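Trainee: I'm new to this structure and would like a close look at a single part of it. Could you take me through the sheet and whatever sits around it?

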Amino acid sequence: MKNTLFIASCALLTVLLFVMGAKAEPSMASPETPDPMTIAQGMNYCRTLISVCDLKSDGGACGGDQYAGWWLPTAEELSHFVGLSTSQNYNWSRTPFTQELDTYIIMSLLDGSWGYGGYGNAAVVRCVR
C-alpha cells in the first residue's frame, strides 16, 4: 500500500511539474555558435534550432542525430557541461545578473568562470535540451 501511494504521489508531482512548465535537467548541449550574438538573438536562435548534439552532460558520446526542442539555458543548466568543452568563449545564459539592470550571466564551459553581459552585448550561444 505504501509503495502504491508513493508511486502515485511521484506520478502526480511529475504531472504538476510538467503542467507548470518545469524543464528536466538538460542532457545535451548544441555546438557553440561560430559568431557572437545578443541574448535576444540567442533566445530566438535556440527556439528554432535543429542541430546535432555536441556535448552530453554525462560525458558520453553524442550520436549524429538531429534534434529540435532546444532552449537558451540558465546558468545552472550550463554548469552541467563545465569541463566538457575546450572553448575559452563565454556562453550566454538566460539567468539575470540581479545587481545590474538588463544584464545576464555568461559562463565559460572550460572552467566555469562567469561574468555578465548587457542586453546589447554579444557572446556565443550553446543551446541545451
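**A walk around the sheet**

Mentor: Five bridges join β6 to β7, and these two strands run antiparallel. Keep in mind as we go that this is a predicted model. One of the matched positions is easy to find: Thr 103 has Gly 118 in β7 as its bridge partner. The hairpin that β6 and β7 make has five residues between the strands, and Gly 112 there takes a positive phi near 80°.

Now step to the other neighbour of β6. Four bridges join β5 to β6, which covers residues 103-108, and this pairing is antiparallel too. Two positions help you line the strands up by eye: Tyr 90 stands opposite Ser 108 in β6, and Trp 92 stands opposite Ile 106 in β6. β5 and β6 also form a hairpin, with six residues between them. In that turn, look for Asp 102, which has a positive phi of about 55°.

Put those pieces together and you have an open sheet of three strands, in the order β5-β6-β7, with antiparallel pairing. The edge strands are β5 (90-96) and β7 (114-118), each of which pairs on one side only. From one strand to the next, the twist averages 40°.

Let's stay with β6 for a moment. β6 is mostly covered, with six of its six residues buried. In a regular strand, side chains alternate between the two faces of the sheet. You can follow that here: Thr 103, Ile 105 and Met 107 point one way from β6, while Tyr 104, Ile 106 and Ser 108 point the other way, and all are buried.

What about a helix? Have a look at α2, residues 39-48, whose buried residues are Ile 39, Gly 42 and Cys 46. Viewed down the axis of α2, these buried residues fall within an arc of 50°, so they line one face of the helix. The spacing has a simple background: an α-helix has 3.6 residues a turn, so residues three or four places apart point the same way. Among the parts that cover the buried residues of α2 are β5 and β6, which brings us right back to the sheet. On the face of α2 turned away from its buried side, you'll find the exposed residues Arg 47 and Thr 48.

Finally, the aromatic rings. A search of the whole structure finds two aromatic pairs. One of them is Phe 97 with Trp 114, a tilted pair at 6.0 Å centre to centre with 55° between the planes. Phe 97 lies in the loop between β5 and β6 and Trp 114 in strand β7, so this pair ties together parts that are 17 residues apart in sequence. Phe 97 itself is buried, with a relative accessible area of 13%. The rings of Phe 97 and Tyr 116 have centres 4.2 Å apart and planes at 5°, so that pair is stacked. Tyr 116 is in strand β7, so its pairing with Phe 97 in the loop ties together parts 19 residues apart in sequence. Tyr 116 is partly exposed, at a relative accessible area of 41%. Ring pairs thus link Phe 97, Trp 114 and Tyr 116 into a cluster.

One last ring to visit is that of Trp 70: the charged end of Arg 129 sits over it, 5.9 Å from its centre.

Terms used. Residues are numbered from 1 along each chain as its sequence is written. This is a predicted model: local features need pLDDT of at least 70, side-chain atom pairs count only at pLDDT 80 or more; totals for chains, interfaces and linings use all residues. Side-chain values use heavy atoms; hydrogens and water are left out. Two strands pair if DSSP finds at least two bridges between them. Axes are lines fitted to C-alpha atoms, for helices over the stretch in contact, and angles run from 0 to 180 degrees between N-to-C directions. Buried means under 20% relative accessible area, exposed over 50%, partly exposed in between (1.4 Å probe, protein chains only). The arc is that of the directions from the helix axis to the C-beta atoms. Contact means heavy atoms within 4.5 Å. Rings of Phe, Tyr and Trp (its six-membered ring) pair if their centres lie within 6.5 Å; planes under 30 degrees apart count as stacked, over 60 as edge-to-face and the rest as tilted. A charge sits over a ring if NZ of Lys or CZ of Arg is within 6 Å of the ring centre and within 35 degrees of the ring normal.
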